[in-house]
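Hi everyone, thanks for coming. Have a look at the model on the screen, and then I'll walk you through a few places in it.

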Amino acid sequence: MNSIESSIKDTKAQELIIDGAGCASCVGKIETALKNVTGVENAQMNFALRTVVVDGEVDSEDLVQAIESIGYNARSAEDTSDDELLDEKEIADQKYYTSLMRQMWIALGLGVPLMIYSIAGGPMTVETTLERGIWLFIGILCAAIMYFAGKHFYVGAWKSFVNHSANMDTLIALGTGTAWIYSMVVVFFPMAVPEMARHVYFEATAMIIGLIDLGLALEVKARGRTSEAIKRLIGLQAKTARVVRDKKEVDIAIEQVLLNDIVRVRPGEKIPVDGLVIEGHTSIDESMLTGEPMPVAKEEEDEVVAGTLNKTGSILFKATRVGKDTALAQIINMVKRAQNSKPPIGRLADAISAYFVPVVMIISIISALVWLNFGPDPALAFAVVSATTVLIIACPCALGLATPMSVMVGVGKAAEAGVLIRNGEALQTASKITAMILDKTGTITEGSPTVTDILVADKSYTEKYILTIASSIESRSEHPLAQAIVDSAIAQEIDPEDISDFQAIAGHGIEAKLEDHHLLFGNQKLMFKKGVFLGEFVSKAQKLADEAKTPMYLAIDNKLAAIIAVSDPIKEDSIEAIKRLQNSGIRVVMLTGDNRATANAVAKKVGIKEVFAEVLPEDKSNKVAELQAQNEIVGMTGDGINDAPALALANVGFAIGTGTDVAIESADITLMRGSLHGLADAIAVSKATLRNIKQNLFGAFIYNVAGVPFAAGLLYPFFGLLLNPVIAGAAMAFSSLTVVSNANRLRLFKPQEH
């Protein structure tokens, strides 16, 4: 757990809150404007959250000015806590929702009666002076409704026009504006319009504005649910802490806790900050961070993490990380950044959206011209209806929401399962993994091996002396197998001897000196390389290896002295987790520097058929490349420093969160618990998220693209049907709701069941 915070790269990042972004095409303009600011390395906007994260060394005022220069409003979230930001967002969303619902009722208050009148057969034409007077009054009333219920569309469209761009507001403003202006021309100058075309469309204008306001309101309501994961993570943070000041225990706000403060936590209380236990013992429920249901025992010198729940005992601990440096704060930051990031499929949608609105406007004009020149009477009315319908039905709101909504829910779902996804690209690629390489020690196995056998070859040495020599050599090594030998010596109260001329031979073992004795300790390769005769001990070592133990040879003065066998127990759930991976069609390969016999024995126990054994640390990445050369999409899972190059080279690197900082730093996805079920969960969530994104994009495509030909009048020559602008408005409004609702289905996804 002490490594979690290192999984966040030290990049200067700023978050901005955007106001005025209406659709997917806004995303590209905002990101481009920010990327053009000197010092900005990258900018990614989350259209669903209306926030943008900017990487680079740059002043926030310059960023705000860049956004305002293209017609949007922005403010920095730099000095606002996550809790305050969430509260602000909820208040703003509620206010926006209430405003939209009020505007919807105003617009539909006129639109619905007019629509019912039209459907009932009431004349929507201007033939007499009385009709002109009535429709003039309704037209003025409609204009007032356009102002009070749809002002935001027209203001947004004007800002876009001033900045030489176009967005959703442009399409809505053009569509409703065209219908209203045409209707007013009919009212004021009926003789200038062919008799059959003297039709007014005030009901369409009011209904479209009302329906789109309703769609936006429902979208805001549903959008709020996608922040559930962040809300829960923020909710884990304690509000206060009990610290020892002047030999008294006092309750203070969490923000006032200082580094090295002594903190008291009683049973049932949350751990307020990260720290090191200095007194007492307890069990702590870490499931809210790791997904691991069993409480973890804690005693002196053990680490505790902010947000976890103290179950039984009362403890004192020293604060080692506070504020935004705690593991929980880092996790929240990482989840937020991942939610803001875009997978490649999302960037494609943004690229399409950048051209979508101008293309739709061109199609609308072409449609009108075709109707004017080739359409039946009243051609002018048909031209207005088709042009308006095309503009309204093609608003790319759903296209902009399709990817970020799913990513937000998917990343949050993964975090709930104890899986931290660094970015959208890793989220997408993980769904395509065809081969998974698993490091053995610390990944498949516990990573806490123990000495099981000491076979003495030279009877002049005792087991205690052999263990003394071996532990003296291995006391300088960081390998888990070395630690097992040192721990065994400590348990027997054996003190190490002074070793000189220590030399680690990668992939083989260690060469050293003890007084006048030349020492070799390592694998069979080392013994053969140095010409040490092994005799019958080769078969004895083989027997140990067949029992999934790792035999290590000790030679003194180039003569075999003993074999020490170490066994690293397999994690309880490794077999089941590996089976889950295999059942999902993934080729699972085990990678280890251990000898082939031991590796094969472990592989057989866990059900892995392919093994890369006796692999030197520097060759691990070559094995990744070897599988990639076979056209495999390779995932690599490890926890050690020597796994870092392979993790970096793999298509997706998975680091065990209990492993080393370097491994986590090199990985794309961090598993916060040691179980390989986290790996299977990560891939399951990734697949579900990508499937959801594709469903959303397909839905948005159906609404926004497939609907355009029908709006232009494709059905008329065959069936005499022309799509009503009001139907287009309803389709456009509910397309966003469909996408948001589908993304929210991911919240019900349970990785273990798939």
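Let's start with a question: in which helix is the place of threonine 176? The answer is helix H5, which covers residues 168-188. A reminder before I go on: this is a predicted model.

So, is threonine 176 buried or exposed? Threonine 176 has 0% relative accessibility and therefore counts as buried, since the cut-off for buried is under 20%. What does threonine 176 touch, if we leave out residues up to four places away in sequence? The list is Met146, Tyr154, Thr205, Ile208, Ile209 and Ile392. There is also a distance to note here: from C-alpha to C-alpha, threonine 176 and alanine 204 are 7.6 Å apart in space, with their positions 28 residues apart in sequence.

Let me zoom out for a moment. The chain has 754 residues, and 56% of them count as buried. DSSP runs give 26 helices and 26 strands. If you measure along the principal axes, the C-alpha trace spans about 125 × 65 × 45 Å. For those of you who like contact statistics, take the contacts between residues at least 6 apart in sequence: 70% of these join residues at least 24 apart. The chain exposes about 32100 Å², and 58% of that is supplied by carbon and sulfur atoms.

Now to the backbone, for those of you who check torsions. Where is the cis peptide bond I want to show you? It joins aspartate 377 and proline 378, with omega at about -5°. Proline 378 is found in the loop between helix H10, residues 344-374, and helix H11, residues 379-393.

Two residues that are not glycine have a positive phi worth showing. For alanine 548, phi is about 65°, and for aspartate 557, phi is near 55°. Alanine 548 has its place in the loop between helix H18 (537-546) and strand S20 (550-556). Aspartate 557 lies in the loop between S20 and strand S21 (559-567). Which of these is buried, and which is partly exposed? Alanine 548 is buried because its relative accessible area is 9%, whereas aspartate 557, at 40%, is partly exposed.

Alanine 548 comes back when we turn to cavities. How many cavities of 30 Å³ or more does the structure hold? It holds two. The second largest cavity has about 40 Å³ of space. Alanine 548 is one of the residues that line this second largest cavity, and the others are Lys440, Thr445, Leu481, Thr550, Asp568, Asp594, Thr598 and Val602.

Next, the surface. Phe710, Leu714, Phe718, Phe719 and Leu721 form a nonpolar patch there, and together they have about 570 Å² of accessible area. From that patch, leucine 721 lies in the loop between helix H25 (716-719) and helix H26 (725-744).

My last stop is serine 584. It lies in the loop between helix H19 (574-583) and strand S22 (587-591). Serine 584 counts as partly exposed because its relative accessibility is 35%. How far apart in space are serine 584 and alanine 706, C-alpha to C-alpha? They are 34 Å apart, and 122 residues apart in sequence.

That's my tour, thanks for listening, and I'm happy to go back to any of these places on the screen.

How values were computed
Residues are numbered from 1 along each chain as its sequence is written. This is a predicted model: local features need pLDDT of at least 70, side-chain atom pairs count only at pLDDT 80 or more; totals for chains, interfaces and linings use all residues. Side-chain values use heavy atoms; hydrogens and water are left out. Helices (H or I, at least four residues) and strands (E, at least two) are DSSP runs, numbered from the N terminus. Buried means under 20% relative accessible area, exposed over 50%, partly exposed in between (1.4 Å probe, protein chains only). Contact means heavy atoms within 4.5 Å. Patches are made of residues with over 30% relative accessible area and no salt bridge: like charges are joined within 9 Å, nonpolar side chains (Val, Leu, Ile, Met, Phe, Trp, Tyr) within 5 Å. Accessible areas come from the Shrake-Rupley method with a 1.4 Å probe; for residues, only the protein chains shown count as cover. A salt bridge is a side-chain nitrogen of Lys or Arg within 4 Å of a carboxyl oxygen of Asp or Glu. On a 1 Å grid over the protein atoms alone, a cavity is a set of points where a 1.4 Å probe fits but cannot get out, and a pocket is an open set with protein on both sides within 12 Å along at least five of seven lines; lining residues have an atom within 4 Å of a point. Grid points are joined across faces, edges and corners, and a volume is the space filled by probe spheres set on the points.
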